[in-house]
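Me: Hi! I'm new to this one and would love a friendly walk through it. Could you take my questions as they come?

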Amino acid sequence: MLPILHAIQAKLGYVPYAAVEPVAKVLNLSRAEVHGVISFYHLFRTEPAGDRTLYVCRAEACQSMGARELEAHAKERLGIDFHETTADGRISLEPIYCLGNCACSPAVMIDTEVHGRVDAARLDELLAES
Amino acid sequence: MGATRVFVPSDTTARSVGADAVAVAIQSAAEKNGSEIDLIRNGSRGLYWLEPLVEVEVDGRRLAYGPVGAGDIASLFDANFLAGGDHPRALGATEEIPWLAGQTRLTFARVGIVDPRSLDDYIAHGGYEGLGEAVKLQRAEIVEIVTESGLRGRGGAAFPTGIKWNTVLGAEGEQKYVTCNADEGDSGTFADRMIMESDPFLLIEGMTIAGLAVGATQGYIYLRAEYPLAIEIMNEAIASAHAAGYLGEDVAGSGQTFELEVRVAAGAYICGEETSMLESLEGKRGMIRYRPPLPAIKGLFGAPTIVNNVISLATVPIILAKGAGFYRDFGTGRSRGTLTVQLAGNVRQGGLVEVAFGRTLRELLEDFGGGTATGRPIRAVQAGGPLGAYVHPSKFDAPLDYEAFAEFGAMLGHGGLVVFDDTVDMAEQARFAMEFCAIESCGKCTPCRIGAVRGVEVIDRIRSDVDRGANIELLKELCETMVDGSLCALGGMAPYPVMSVLEYYPEDLGAD
Ligand SMILES: Cc1cc2nc3c(=O)[nH]c(=O)nc-3n(C[C@H](O)[C@H](O)[C@H](O)COP(=O)(O)O)c2cc1C
Ligand code: SF4
């Protein structure tokens with residue numbers, strides 16, 4: 001089921017409620033089972049995402065290099081909390097636990113592009129570019 | 001004279017600090033200057049503190065320049081770096097950089113040297129020699145060599161790989177599977193990603209040998225979704241290997257079929273635990289399974305299944321190629337061979353350090369790491385991921401050895417070392433350990449599901465000085481309950497970092 005859900009999310013940016021029934025049918029499962037899978041995994045969204053998604057790493061290696069401050073800066077600068085999207089629909093903000101970029105912390109990912117050694121100023125630059 | 005070969009790494013970390021822009025700038029400067037170059041996007045050597053690390057091949061030797069920014073390109077051309085010219089960024093011959101020369105690269109022998117998208121390059125650098133040996137052997141002989149090598153699982157639990165394979169070999173079943181755990185969830189780790197991005201055929205070769213050894217015809221790589229580049233490169237490598245007869249029917253003339261597929265995870269830390277991973281591979285919620293039965297006997301879809309970490313599998317080819325004794329001669333005690341240490345967090349010289357077991361933590365942190373990035377004293381090092389203890393500087397003379405670490409309540413796990421300087425608030429780190437456990441709990445058992453939430457609350461009360469003494473006692477009891485009563489190591493080990501804070505950094509909790 002994961003490959004199907006990934007494909008839906010790749011196409012639509014999220015897995016809408018309306019997709020649950022057809023996926024359940026194809027796989028011969030109950031709607032509850034499909035819903036259970038979607039809700040178990042952090043990376044499946046059930047709400048539309050912004051044009052771009054900013055993932056800020058919250059894990060220990062990034063913490064040791066100021067990720068907590070970076071997280072606060074991102075929230076303040078975008079005026080949103082984690083799991084929210086800016087009012088203009090441009091950027092969604094998500095926490096992530098480890099991008100495997102831990103020797104160049106702190107790290108963020110914008111859509112699928114990872115950036116290392118990101119401080120507040122660098123984050124502002126990246127947001128301005130995207 | 002032919003074109004000069006120039007290497008610009010394309011792994012995630014190199015790109016995250018600007019390697020793509022460097023590659024573009026070199027290409028366009030070369031065109032402008034009329035210099036003929038052959039630009040190769042290799043993987044990273046793992047000297048992440050020097051990325052982007054550009055290399056040029058001069059008289060058959062690779063010379064390094066780093067860290068190179070796009071702004072350095074003009075001056076590099078002015079200094080004639082294509083002929084090895086001197087420049088403030090020049091580092092000399094790559095292999096002679098002490099940080100690299102002081103390592104024992106067995107599993108990572110080819111990483112950063114080859115073009116990860118080229119099967120020919122892999123073979124030209126000794127790739128598929130291990131499989132070449134394996135096809136000449138009986139199944140039990142392959143398993144015997146892996147057992148003899150002393151290789152233990154590098155995913156965390158350090159279980160002997162050969163013994164696991166032997167169980168799968170002996171298990172009854174028409175269909176058997178080889179699964180690779182590439183969920184690499186621990187913060188401070190990137191060795192699996194490096195193999196997949198920088199030497200993907202090595203993992204394919206290791207899994208193929210595992211398939212031959214136990215008679216499995218299908219393999220899956222459970223790869224974390226947070227690694228989009230690794231997913232792309234692995235898929236491409238599988239297609240190339242397939243086209244060349246290294247996967248599929250009659251693999252490498254062995255008479256046996258071995259197919260391989262990547263399955264993308266979806267961001268749940270618990271799915272790195274092997275039974276949860278198998279549930280996830282079956283398309284379900286990643287709920288932990290009760291054991292027994294072992295996955296080796298009833299694993300994926302109920303069939304006998306090998307579950308191994310990327311590094312365990314990627315180490316098998318060199319063992320087959322060079323022999324069990326060659327590998328086992330490295331190391332100390334019951335920890336044989338090499339450990340792929342990942343220096344991460346607040347460290348001046350971070351990256352991948354592969355050394356034989358037995359080197360001390362201090363050597364890693366000081367000689368390789370060069371202390372903290374901030375230049376302040378090291379106060380704590382979290383070893384072995386989010387479930388691993390915070391190691392106090394009084395323990396830095398401990399050797400890298402599974403048993404030696406266990407003696408003081410710590411673990412080597414997947415080899416990640418996350419360094420913190422003296423500005424760290426250890427009470428906050430203890431809180432995070434509980435918070436992480438609460439977020440990632442699969443929910444199957446109460447000590448973990450409820451205990452972790454309670455843990456966060458108790459630590460919050462301690463930090464705001466509410467009934468401190470009583471709450472510290474409560475926290476200790478809660479840790480014990482979780483350790484003793486949890487079904488799997490998430491709930492069972494998340495208390496370890498907390499207990500290490502209680503023991504070694506009590507002042508941060510206001511205790512004595
Ligand atoms: C919560 C939890 C998370 C884990 N995450 C991983 C992981 O990301 N990668 C991994 O290889 N092993 C992980 N493990 C260990 C696996 O359960 C298993 O021991 C390992 O994949 C076996 O392979 P090995 O013997 O080659 O190490 C995790 C274990 C637990 C309890
Ligand atoms: S310890 Fe936690 S993650 Fe493990 S089975 Fe229990 S609830 Fe699930």
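Me: Let's start with one residue: is B:A430 buried or exposed?

Reply: Happy to help! Keep in mind that this is a predicted model. B:A430 is buried, because its relative accessibility is 1%, and the cut-off for buried is under 20%.

Me: Where is it, and what does B:A430 touch?

Reply: B:A430 sits in helix α17 of chain B. Leaving out residues up to four places away in sequence, B:A430 touches B:I459, B:V498 and B:V501.

Me: How far is B:A430 from B:H242?

Reply: The C-alpha atoms of B:A430 and B:H242 are 47 Å apart in space, and 188 residues separate the two in sequence.

Me: Staying with helix α17, which salt bridge does B:E435 form?

Reply: B:E435 pairs with B:R431, with 3.5 Å between the closest N and O atoms. These two are four residues apart in helix α17 of chain B, so about one helical turn separates them. B:E435 is buried at 18% relative accessible area, whereas B:R431 is partly exposed at 22%.

Me: Which residues belong to the network that includes B:R431 and B:E435?

Reply: Salt bridges with shared partners link A:R58, A:E71, A:K75, A:D81, B:R431, B:E435 and B:D460 into one network. Within chain A, A:D81 and A:K75 form a salt bridge with their closest N and O atoms 3.4 Å apart. A:D81 is partly exposed, at 38% relative accessibility, and A:K75 is partly exposed too, at 22%.

Me: How many salt bridges are there over all chains?

Reply: The count comes to 46 over all chains. Across the interface of chain B and chain A there are two. A:R68 with B:E428 is a salt bridge, and their closest N and O atoms are 3.3 Å apart.

Me: Nice, tell me about that interface. How many residues does each chain bring to the contact?

Reply: Chain B gives 55 residues and chain A gives 35. About 3400 Å² is buried between the two chains, and carbon and sulfur atoms give 59% of that area. On the chain B side, B:A266, B:R285 and B:F432 lose the most area to chain A, together 17% of what that side buries.

Me: And how many residue pairs are in polar contact between chain B and chain A?

Reply: There are 24 such pairs, counting residues at pLDDT 80 or more. Among the elements of chain B that give two or more residues to the side touching chain A are β8, β12 and α17. Helix α17(B) gives the most, with seven residues. The residues of that side divide into 27 nonpolar, 17 polar and 11 charged.

Me: Changing topic: how many residues does the largest nonpolar core have?

Reply: It has 148 residues, and those with the most contacts inside it include A:Y41, B:W165 and B:I221. Helix α10 of chain B gives the most to this core, with 10 residues. Another core, of 34 residues, lies apart from it and includes B:F357 and B:V419.

Me: Last one: where is B:R45, and which residue does B:R45 meet in a salt bridge?

Reply: B:R45 is in the loop between β2 and β3 of chain B, and its side chain meets that of B:E95 in a salt bridge of 3.2 Å, N to O. B:E95 lies in the loop between β5 and α4 of chain B, so the pair ties together parts that are 50 residues apart in sequence. B:R45 is buried at 4% relative accessible area, while B:E95 is partly exposed at 49%.

Conventions
Residues are numbered from 1 along each chain as its sequence is written. Chains are lettered from A and ligands numbered from 1 in the order in which they are written. This is a predicted model: local features need pLDDT of at least 70, side-chain atom pairs count only at pLDDT 80 or more; totals for chains, interfaces and linings use all residues. Side-chain values use heavy atoms; hydrogens and water are left out. Contact means heavy atoms within 4.5 Å. Buried area is the accessible area (1.4 Å probe) that two parts lose on being put together, summed over both. A salt bridge is a side-chain nitrogen of Lys or Arg within 4 Å of a carboxyl oxygen of Asp or Glu. A polar contact is a pair of N or O atoms within 3.5 Å; within protein, one must be able to donate a hydrogen and the other to accept it, and residues adjacent in sequence count only if both atoms are side-chain atoms. Ala, Val, Leu, Ile, Met, Phe, Trp, Tyr, Cys and Pro count as nonpolar, Asp, Glu, Lys and Arg as charged, and the others, Gly among them, as polar. A nonpolar core is a set of buried Ala, Val, Leu, Ile, Met, Phe, Trp, Tyr and Cys residues joined through side-chain atoms within 4.5 Å. Buried means under 20% relative accessible area, exposed over 50%, partly exposed in between (1.4 Å probe, protein chains only).
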